[in-house]
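Take a walk through this structure. The route goes by way of its rings, its enclosed spaces and its open pockets.

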Amino acid sequence: MLEKAINGSKIYWGWIAFLLLLMSIGAACYWQQLSHGLTITGMSRDVSWGFYIAQFTFLVGVAASAVMLVIPKYLHNYQKFGKILILGEFNAVAMVILCLLFIVADLGSPQRLMNVLLHPTPNSVLFWDMVVLNGYLLINILVGWVTLEAERKQVAPPKWIKFFIYLSIPWAVSIHTVTAFLYCGLPGRGYWLTAVLAARFLASAFAAGPAFLILVTYIAKIFTGFDPGKGVLSTLGKTVVYAMCVNLFLLLCEVFTVFYSQIPSHMAHLQYLFVGYHGHGVLVPWMWSAMIMAVVGILILIVPKNREQDNLLIIGCLLIFIGAWIDKGLGMIGGGFVPNPLHEITEYVPSQLELGVSLGIYATGFLVLTILYKVAIGVKQEIE
């Protein structure tokens, strides 16, 4: 099936060339990081996690989007999702690869990754994060490839694969739950020290993940003519809007709890994010933009007629996706580390080289996604 990835139009090869160019830029920036260490980033003693870990946190949620197709199809026999299920599974593969690449970048030296394997520490949440991420990657590669191969041969998938399909459901929940435990297990960080953090992570994941899947499916439809089926994307849009509603509700619960109890160590982080703290507030416009985007996206998609219109569905999903990215891809790290436990402020802004490395990593992930989608859509169009 991989032969389909080497046959494409000029637009396809132009896109591949563009991604390779971005990967080259990222590699050049990463070489600077290997040569000079993490000092080339905006991280410091007080902010030891930065843009890399923030992107990892967000992309774990996007990777979990496949489960929002698996549950309706296999547990509730909603067969309409069958046509785009493979896109969800291959999307999960590309997103987990992105997560792992961002982790490697954050380690500074890639050989340190071997310490997790050579010297495993089961009492560490980070060890279990490695287990669930790699497990989810392998499950989606296996399920996606086996089911696509069966579809190409126009036969039923082997019965044994259903075990892994059902296994992917709790596994998808686990990857974001364990990631949340990395944060809320740190008692000195009031912004993360909350029992609803895992629930918030899952809610935002089930909003941003399907929103991204809807957007890339529309892109595939424009350039390949792929038809996901009538009403499929609008139905998936319900998941996006209701999940984002839950996410905002949990955030408001946290705001009420923090400010009603008047716990200084907890209030300071939210104050820094939304109104500034002692004259510092680099993230304030970003966070308010995220909230406005999320609310406007909800107002658009909560109306059933709007979800039936392609333009409004795209706008609503784009707003919710960008809003979720700002919240988790920027605010989660900055809000947790600033101010520090002594209420000192060391603001974090990613450096140009840090953004260059991230750009190269994103290009790598989108290259994987492009090739996998080229194969999947090619197979589906072949048998139609």
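What follows looks at aromatic pairs, then cavities, then one loop residue, then pockets.

The model is predicted. Start with the aromatic rings. The structure holds 21 aromatic pairs. One of them joins W49 and F337. Their ring centres lie 6.0 Å apart, and the planes stand at 90° to each other, an edge-to-face arrangement. This pair ties together distant parts of the chain, with the two positions 288 residues apart. W49 sits in the loop between α1 (10-36) and α2 (51-63). F337 belongs to helix α13, which covers residues 310-337.

Are the two partners buried or exposed? W49 counts as partly exposed because its relative accessibility is 22%, and buried means under 20%. F337 has a relative accessible area of 4%, so F337 is buried.

A second pair also reaches helix α13. It is made by F58 and F321. Their ring centres are 5.4 Å apart and their planes meet at 65°. The pair is edge-to-face because planes over 60 degrees apart count as such. Again distant parts of the chain are linked: F58 lies in helix α2 and F321 in helix α13, 263 residues apart. Both F58 and F321 are buried.

Return to W49 and F337, which do not stand alone. Ring pairs join W49, Y183, W192, F201 and F337 into a cluster. One ring of this cluster, F201, has a lysine over its face. The lysine is K328, at 5.0 Å from the ring centre. Elsewhere, K374 lies over the face of Y12, and there the distance to the ring centre is 5.2 Å.

Now turn to the enclosed spaces. How many cavities of 30 Å³ or more does a search of the whole structure find? The search finds 2. The largest cavity has a volume of about 60 Å³. Its lining consists of A66, V67, V70, E89, Y136, I139, N140, V143, I165 and S168. Three elements give two or more residues to this lining: α3 (67-75), α6 (125-153) and α7 (161-184). Of the contributors, α6 gives the most, with 4 residues. By class, the lining of the largest cavity holds 7 nonpolar, 2 polar and 1 charged residues.

The second largest cavity contains about 40 Å³ of space. M244, N247, L248, A290, M291, A294, G323, A324 and D327 form its lining. Here α9 (232-261), α11 (284-301) and α13 each give two or more residues. Helix α13 is thus familiar: F321 also belongs to this helix. The lining of the second largest cavity divides into 6 nonpolar, 2 polar and 1 charged residues.

Pause at a single loop residue. Where is S351? S351 is placed in the loop between α13 and α14 (352-383). Its relative accessible area is 17%, so S351 is buried. Leave aside the neighbours within four places in sequence, and S351 is in contact with I40, T41 and G42.

Last come the open pockets. The largest pocket has about 960 Å³ of space. It is lined by 36 residues. Which of them lie nearest its centre? They are W15, I219, F366, L369 and T370. Several helices share in this lining: α1, α2, α4 (82-107), α8 (197-224), α13 and α14 each supply at least two residues. The most comes from α14, which gives 13 residues. The lining of the largest pocket has 27 nonpolar, 8 polar and 1 charged residues.

The second largest pocket holds about 470 Å³ of space. Its lining counts 25 residues, and I103, L107, L113, V116 and L126 lie nearest the centre. At least two residues come from each of α2, α4, α5 (113-118), α6 and α7. The largest share is that of α6, with 6 residues. Recall that α6 also gives the most to the lining of the largest cavity. By class, the lining of the second largest pocket has 17 nonpolar, 5 polar and 3 charged residues.

Definitions and conventions. Residues numbered from 1 in each chain as written. Predicted model: local features only at pLDDT ≥ 70, side-chain atom pairs only at ≥ 80, totals over all residues. Heavy atoms only, no water. Phe/Tyr/Trp six-rings, centres within 6.5 Å; stacked < 30°, edge-to-face > 60°. Buried < 20%, exposed > 50% of the residue type's maximum accessible area, 1.4 Å probe, protein only. Lys NZ or Arg CZ within 6 Å of the ring centre and 35° of its normal. 1 Å grid on protein atoms, 1.4 Å probe; cavity = no way out; pocket = protein on both sides within 12 Å on 5 of 7 lines; lining within 4 Å. Points joined across faces, edges and corners; volume = space filled by probe spheres on them. Nonpolar A, V, L, I, M, F, W, Y, C, P; charged D, E, K, R; others polar. Contact = heavy atoms within 4.5 Å.
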